[in-house]
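Subject: Structure handover

Hello,

Here is the structure I promised to pass on. Please open it alongside this email, and then read my notes below.

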Amino acid sequence: MQITGAELFVKALLAEQVDTLFAYPGGQAIDLFDALYGVKDIRVVLPRHEQGLIHAADGYARSTGKVGVCLVTSGPGATNLVTGIATANYDSVPLVCFTGQVPTHLIGNDAFQEVDIVGITRSISKYAVTVRRREDLATTIRKAFYIARSGKPGVVVVDLPKDIQQAPGSDAYPEQIEVRGYKPNTDVHMGQIKKAVECLKKARRPLFLLGGGVNVAHAGREMTLLAEKTGIPAVTTIMGKGAIPTEHPLYVGNLGIHGSYAANAAVSSCDVLFSIGVRFNDRITGKVNEFAKHAAIVHVDIDPAAISRNIEVDIPIVADAKKAITVLMEKELYCDFLQSGEPDSGTNGGSDSLQNDDRTDQR
């Protein structure tokens, strides 16, 4: 069956189970809005401005765990998304941003409201592409959603020229997609997990450092159970706050320049720092050569490029935070760790010592 590119766009949104679309109309996207008219399964949210639109889509994605989707026109409509794209991508929020574009035969000719939005956003998004052939439209949209939500989530920008929106073509939409050169890790390396467990067994003052990756993976419940099972206290980054309830007795506080004295003291005095979903940016490390300098550092992160980029770690584990935490939960070795741990002289044990720091700080 032959349908227009705009009609295929709507079919693709429905296939990706998009129920909310943050959109602001304009000339180069009007065909897409016409195709959306009367579609009851997609709620179109009309903002006052494109900047508000993308921040709303960002908030929607953070709060629901779904991919946030937005639609704007070319030129200023597209460039008004830039700050929101950078924000969401830096925080690993899955967004797919559709932008209208002048017809393909006008691209590069300084046409009215023509902007190279792919070039502008390439360095601040996970992937950015202009669809130049109608037959590539379905595959490109399917790829966009797959890339946005898989691996380390991020922002994908899809630029849709007006003639592609109007052109007739196949109504087929792929159920599965293979992206050459893009193979996000889905497994947990058991050898590295065993090394991390052995490291914890020898620890006297272990500490969990939880970053935004725990929240992105929706692993807060599992992380809280792991902390309770091991009795190991936890500190968080700003993005990691909420990974373990802030009122939990094992929660020490926020780390870094905006954090508490107790949390920073805990990192400075721990002998094993088990970090999950953390970037180790300058807001939490301060002087790199002074950061957790007495500790063996375990780093779990889904992004291989993030490991040892800022802080050299001892045991790298490339894995999704939730999967890694779930595997750790299954390790009976933790019972051995709790039973074999001998308290340091003058303290009630490693974890109690760190919690006492927190109580002092609260007073």
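A residue is called buried when its relative accessible area is under 20%. Keep in mind that this is a predicted model.

**Helix H1 and its partner**

By that cut-off, helix H1 (residues 5–15) has these buried residues: Gly5, Ala6, Leu8, Phe9, Val10, Ala12 and Leu13. Gln17 comes just after H1 and has a positive phi of about 60°.

H1 packs with H7. The angle between them is about 30°, and their axes are 10 Å apart. H1 is therefore roughly parallel to H7. Their crossing is right-handed. On the H1 side, the contact uses Gly5, Leu8, Phe9, Ala12 and Leu13. On the H7 side, they meet Leu137, Ala138, Ile141 and Phe145. By type, the residues of this contact are 8 nonpolar, 1 polar and no charged.

**Lys143 in H7**

Helix H7 covers residues 137–149, and Lys143 sits in it. Is Lys143 buried or exposed? Neither label fits: Lys143 is partly exposed, because its relative accessible area is 22%. What does Lys143 touch, leaving aside neighbours within four places in sequence? Its contacts are Tyr127, Ile177 and Val179. Tyr127 is 16 residues away from Lys143 along the chain. The C-alpha atoms of the two are separated by 9.8 Å.

**The sheet**

Next, the strands. There is an open sheet of 6 strands, paired in parallel. Their order is E3-E2-E4-E5-E7-E6. The edges are strand E3 (43–45) and strand E6 (127–130), each pairing on one side only. On average, neighbouring strands in this sheet are turned by 20° against each other, direction ignored.

Look inside the sheet at strand E5 (residues 95–101) and strand E7 (residues 155–161). They run parallel, and 7 bridges join them. One bridge pairs Gln101 with Pro161 in E7. Helix H5 (residues 82–90) packs on the sheet and touches both E5 and E7. The direction of H5 makes about 145° with that of E7.

**Two positive phi values in loops**

Most residues other than glycine have a negative phi. Two loop residues are worth a look on that account.

- Ser92 lies in the loop between H5 and E5. Its phi is near 60°, a positive value in a residue other than glycine. Ser92 counts as buried because its relative accessible area is 10%.
- Phe280 lies in the loop between E12 and helix H13 (282–285). Its phi is near 55°, again positive in a residue other than glycine. Phe280 counts as buried because its relative accessible area is 2%.

**Val272 in E12**

Strand E12 spans residues 272–276, and Val272 lies in it. Val272 has a relative accessibility of 3%, so it counts as buried. Which residues does Val272 touch, not counting those up to four places away in sequence? They are Cys199, Leu200, Ala203, Arg205, Pro206, Leu207, Ala295 and Ala296. Lys323 is 51 residues from Val272 along the chain. Here the C-alpha atoms are separated by 21 Å.

**Helices H11 and H14**

Last, a second helix pair. Helix H11 (residues 220–230) packs with helix H14 (residues 321–329). The angle is about 30°, with the axes 10 Å apart. H11 is therefore roughly parallel to H14. H11 passes H14 in a left-handed crossing. The H11 residues in contact are Glu222, Met223, Leu225, Leu226 and Lys229. In H14 they meet Lys322, Ile325, Thr326, Leu328 and Met329. The contact divides into 6 nonpolar, 1 polar and 3 charged residues.

Set the two helix pairs side by side. H1 with H7 has a right-handed crossing, whereas H11 passes H14 in a left-handed one. The contact of H1 with H7 has no charged residues, while that of H11 with H14 has 3.

Best wishes

Notes:
Residues numbered from 1 in each chain as written. Predicted model: local features only at pLDDT ≥ 70, side-chain atom pairs only at ≥ 80, totals over all residues. Heavy atoms only, no water. Helix = DSSP H or I, 4+ residues; strand = E, 2+ residues; numbered from the N terminus. Buried < 20%, exposed > 50% of the residue type's maximum accessible area, 1.4 Å probe, protein only. Contact = heavy atoms within 4.5 Å. Axes fitted to C-alpha atoms, helices over the stretch in contact; angles between N-to-C directions. Parallel < 35°, antiparallel > 145°, perpendicular 65-115°, else oblique. Left-handed = near helix turned anticlockwise from the far one by under 90°. Nonpolar A, V, L, I, M, F, W, Y, C, P; charged D, E, K, R; others polar. Pairing = 2+ DSSP bridges.
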